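Here's a quick tour of the side-chain contacts in this one. Have a look at the model first, then read on.

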Amino acid sequence: MNEYFNEQDAYFRAKKKVKEIRGFYYNLTCYCVVITGLFILNLATSREHLWFLYPALGWGIGLAFHGMSAFGLTFMLGKDWEERKMREYMENEQQFDNQLKNKIGNHEN
């Protein structure tokens with residue numbers, strides 16, 4: 001029974017990961033289309049000031065972070081970091097509870 005849940009959990013994690021990657025590719029496609037359109041519009045209206053670079057840079061930074069998240073390249077604050085921190089806090093709380101129980105148990109004797 002436990003193998004079933006582990007396999008099912010792995011399936012749902014993989015499905016979520018594929019959905020994240022698909023979302024990144026959708027975002028990348030939209031970025032390419034919209035920025036190309038803004039580039040053409042910019043050149044058609046004003047060649048002196050290349051204003052399309054501002055949204056390209058802003059959206060590009062967001063796109064880079066989206067890609068790092070989708071492909072697991074987050075450096076410090078990714079999903080693994082969150083899980084490690086949660087485990088750390090839970091372990092610390094468990095140790096505190098155990099120490100408190102030991103102190104109470106020693107005072108009762």
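Let's start with Arg13, which counts as exposed at 51% relative accessibility. Bear in mind that this is a predicted model. The side chain of Arg13 meets that of Asp9 in a salt bridge, at 2.4 Å from N to O. Asp9 itself is partly exposed, with a relative accessible area of 40%. The two sit four residues apart in helix 1, so about one helical turn separates Asp9 from Arg13.

How many salt bridges does a search of the whole structure find? It finds two. The other pairing to look at joins the side chains of Glu20 and Lys17, at 4.0 Å from N to O. Here too the partners belong to helix 1: Glu20 and Lys17 are three residues apart, so the separation is about one helical turn. Glu20 counts as partly exposed at 28% relative accessibility, and Lys17 counts as partly exposed at 30%.

Now for the rings. The count comes to six aromatic pairs. Take Tyr25 and Phe71: their ring centres are 6.0 Å apart and their planes stand at 70°, which makes the pair edge-to-face, since planes over 60 degrees apart count as such. Tyr25 lies in helix 1 (residues 2-45), while Phe71 is in the loop between helix 2 (53-70) and helix 3 (79-108), so this pair ties together parts that are 46 residues apart in sequence. Tyr25 is partly exposed at 45% relative accessible area, and Phe71 is partly exposed at 38%.

Tyr31 and Trp59 form an edge-to-face pair as well, because their ring centres are 5.4 Å apart and their planes are at 85°. This pair also links distant parts of the chain, with Tyr31 in helix 1 and Trp59 in helix 2, 28 residues apart. Is Tyr31 buried or exposed? Tyr31 is buried, with a relative accessible area of 17%, whereas Trp59 is partly exposed at 27%.

Here are those two ring pairs side by side.

| Ring pair | Distance between centres | Angle between planes |
|---|---|---|
| Tyr25 and Phe71 | 6.0 Å | 70° |
| Tyr31 and Trp59 | 5.4 Å | 85° |

Ring pairs also link Phe24, Tyr25 and Phe71 into a cluster.

Phe24 and Tyr31 turn up again in the largest nonpolar core, which has seven residues in all. Alongside them are Ile35, Phe52, Ala56, Leu63 and Ala70. Which elements give two or more residues to this core? They are helix 1 and helix 2. For a closer look at one member, pick Ala56: leaving aside its neighbours within four places in sequence, Ala56 is in contact with Tyr31 and Ile35. As a general point, nonpolar side chains tend to be buried together in soluble globular proteins.

That leaves the cysteines. A search of the whole structure finds zero disulfides. Why is there no bond at Cys30? The closest cysteine sulfur, in Cys32, is 9.4 Å from the sulfur of Cys30, which is too far, given that a disulfide needs the two sulfur atoms within 2.5 Å. Looking from the other side, the closest cysteine sulfur to that of Cys32 is in Cys30. Cys30 counts as partly exposed at 23% relative accessibility, and Cys32 is partly exposed with a relative accessible area of 41%.

Methods. Residues are numbered from 1 along each chain as its sequence is written. This is a predicted model: local features need pLDDT of at least 70, side-chain atom pairs count only at pLDDT 80 or more; totals for chains, interfaces and linings use all residues. Side-chain values use heavy atoms; hydrogens and water are left out. Rings of Phe, Tyr and Trp (its six-membered ring) pair if their centres lie within 6.5 Å; planes under 30 degrees apart count as stacked, over 60 as edge-to-face and the rest as tilted. Buried means under 20% relative accessible area, exposed over 50%, partly exposed in between (1.4 Å probe, protein chains only). A nonpolar core is a set of buried Ala, Val, Leu, Ile, Met, Phe, Trp, Tyr and Cys residues joined through side-chain atoms within 4.5 Å. Contact means heavy atoms within 4.5 Å.
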